[in-house]
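Grab a pencil and work through these exercises with the model open beside you. Each one sets a task and then walks through a solution.

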Amino acid sequence: MILIVRFDSTYRMIRIVSSLIAIFSIASLSAQQVSEEPPKLVIGITIDQLRGDYLQLFKQTFGEDGFKRLLNEGLVYSDIKYDFPHPDAASAITTVYTGTYPFYHGIVGEKKYAKDADREISSFFDSKYSGVSTTDPLSPTAIKVPTLTDELQIASGGKSDIVAFAPDASAALASGGHAASGVYWIDDYNGKWASSSFYKTKQYIVDQHNRSSQSLSLTIGTLMWRPAIDIANYKAFPYTQNIYNFQHYFGKDKTNQFKLFKQSPLVNTEVRQMAEKILNAGTIGKHTYPDFLALTFYAGNYENAVDKNYSLEIQDTYYRLDREIAQLLETVEKTVGLDNTLIFVVPTGYYNEEEIYPPDLTLAGGNFYPERTRALLNMYLMAIYGNVQWIKKYYDGQLFFDRKQLDDKKIDVIDFQRRAAEFMVQFAGVQDVITSHQMLHGAYNQTVHFYRNGYHKGISGDLFVELQPGWQIVTDDQSSNNNQKVRNNAVSAPVVFFGNHIKPQKIYRTIEATEIAPTVAHRLRIRAPNAAQEGVLKELF
């Protein structure tokens, strides 16, 4: 009897151990198998204004080797979160590459209000450096912390090839960082691939292209955007009012031809072709240390689309972008090899949408007039503090005080901000007003923390004004937020990691934009950027 009991206990123990071994084996099989060596090449692809719902709505027009291949064969996270207000290409891409928010990295948007000059300038404006093939003096020095690409260059002792191509300067500078060996964007006025004298290393391939007959500066007059396929295939929107074979000729408007071109999918062909020139040159991705190619594509609206709400142009943009990605993947396979290349694809988390509303509709909300608001607030503050123009500017949802006047009159800034905020919050359409003191020193709540992430000392304003959803901003000028309708709903889109022995997997959770840089750094076996605070995405390891 005793022998039976001992045997039974031993047998149960063997079964338990065997089960645990089986569980751990299954878990290890399902985990990503990290290759023994880091990738030879990383290709970071940011897609400006990419929408996940459009990927689903338009997929019937896609081939098998573009978006579908990425989504079926890559490790896919269902969504990404940018935890700060009003992200755009500049602030979003800088967040991806630094692993931190504007509070630390300093790029609060594409443009900023220069208090001393009392004017709007590029966030990357830098008079210390001249433009190369452009008159714009820009540099990456506005990024206050190191980027992922900077850390790679440090780790390789300055030997890595790091090249960035983007339609616009901000995206190129944000992804290329401080230590790149080539950062290029398309100039708004001459169509050439431009750069900054900040970068000492030049890519001869780019200079050669700019001088060739293939340069956009010479070909723009011959280019026209027409539907790539029969428009009968573009049937994602049942509400489309105008079914039309659109055509946009870029040689017509000599003043804005390159700016309009950069709102079309043809700009993605330019980016892809330059990337392929670098890949086909045969050096990038062939070193004993990793190289980096940063690319930005465009998936936003076209300013001159006939039907603003449900355009055929946006469907054609996605169809063409799908083909560009397929061709890029094919080139990578032929030159460096997908097993040797880590590719990540990240959306920018926002979408600029110009909606047209029927004139006879009465909808929720109203019109918010920033200049009238500024004038009324100034009158209120005059009644308390004296006859001075206390408010210098309303810009991008922020109010900037005349700090010199406050200092000269020895007025307590905290009390001044509090009074102004208490008055402002009573305005129709204003949901909340947050002071810069609250963001730096005040009691925290979720809203304050959200706005604090998008705040940077010395660049941002004194008051942040949160408007109610549905209200329309009506400005006196033609600024980018003129007639913009306030929407709080997030733009959902997936993040994909592909190549470099990554196994297909779908993860149905939202990741933080700040998790990408430390994850790629870990895969490269280098330090994460020093302002990055998030851990790595565990599913990749």
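**Exercise 1. Find the helix that holds A521, and work out what surrounds this residue.**

Step 1. A521 belongs to helix α18, residues 516-524. Helices here are DSSP runs of H or I with at least four residues, strands are runs of E with at least two, and both are numbered from the N terminus.

Step 2. Before going further, a word on the source: this is a predicted model, where local features need pLDDT of at least 70, side-chain atom pairs count only at pLDDT 80 or more, and totals for chains, interfaces and linings use all residues. Residues are numbered from 1 along each chain as its sequence is written, and side-chain values use heavy atoms, with hydrogens and water left out.

Step 3. Check the cover: A521 is buried, at a relative accessible area of 0%. (Buried means under 20% relative accessible area, exposed over 50%, and partly exposed in between, with a 1.4 Å probe and protein chains only.)

Step 4. Now the neighbours. Leaving out residues up to four places away in sequence, A521 touches L148, I526, R527 and A528. A contact means heavy atoms within 4.5 Å.

Step 5. Look at L148 again: 373 residues separate it from A521 in sequence, yet their C-alpha atoms are 6.8 Å apart.

**Exercise 2. Describe the protein chain as a whole: what are its elements, its dimensions and its charges?**

Step 1. Count the elements: the protein chain has 18 helices and 21 strands.

Step 2. Its radius of gyration is 26 Å, close to the 24 Å from the globule rule for 541 residues, so the chain is as compact as a globular protein of that length. That radius is taken over C-alpha atoms, and the rule is 2.2 Å times the number of residues to the power 0.38.

Step 3. Along the principal axes, the C-alpha atoms fill a box of roughly 95 × 75 × 55 Å.

Step 4. Of the 541 residues, 54% are buried. Among contacts with a separation of 6 or more, 71% link residues 24 or more positions apart.

Step 5. For charges, tally 54 positive and 59 negative side chains; the centres of the two sets lie 3 Å apart. Lys and Arg count as positive, Asp and Glu as negative, while His and the chain ends are not counted. Each charge is placed at NZ of Lys, CZ of Arg, CG of Asp or CD of Glu.

**Exercise 3. Trace the open sheet of 10 strands and name its edge strands.**

Step 1. Follow the order β5-β8-β7-β6-β11-β1-β12-β20-β2-β21, where the pairing is mixed. Two strands pair if DSSP finds at least two bridges between them.

Step 2. The edges are β5 (131-132) and β21 (505-512), each pairing on one side only.

Step 3. Start from the β21 edge. Strand β2 (residues 75-81) pairs with β21 in the parallel sense over 6 bridges, and Y77 has I507 as its bridge partner in β21.

Step 4. Move to β6, which runs parallel to β11 with 4 bridges joining them; I162 has F292 as its partner in β11.

Step 5. β6 also pairs with β7, again in the parallel sense over 4 bridges. Here A164 has V183 as its bridge partner, and A166 stands opposite W185.

**Exercise 4. Are the residues of β6, β7 and helix α7 buried or exposed?**

Step 1. In β6, 5 of the 5 residues are buried, so the strand is largely enclosed by the rest of the structure. I162, A164 and A166 point one way, V163 and F165 the other.

Step 2. β7 is also largely enclosed, because 5 of its 5 residues are buried. G182, Y184 and I186 point one way from it, V183 and W185 the other.

Step 3. Helix α7 (residues 169-176) is mostly covered, with 8 of its 8 residues buried. Its buried residues pack against α4 (89-98), α6 (148-155), β6 (162-166), β7 (182-186) and β11 (291-298).

Step 4. Just after α7, G177 takes a positive phi of about 75°.

**Exercise 5. Where do D118 and D396 lie, and what is the phi of each?**

Step 1. D118 lies in the loop between β3 (111-114) and β4 (119-122). Its phi is near 55°, a positive value in a residue other than glycine.

Step 2. D396 lies in the loop between β14 (391-395) and β15 (398-401). Phi of D396 is near 55°, again positive in a residue other than glycine.

Step 3. Finish with exposure: D118 is partly exposed at a relative accessible area of 46%, and D396 is partly exposed at 34%.
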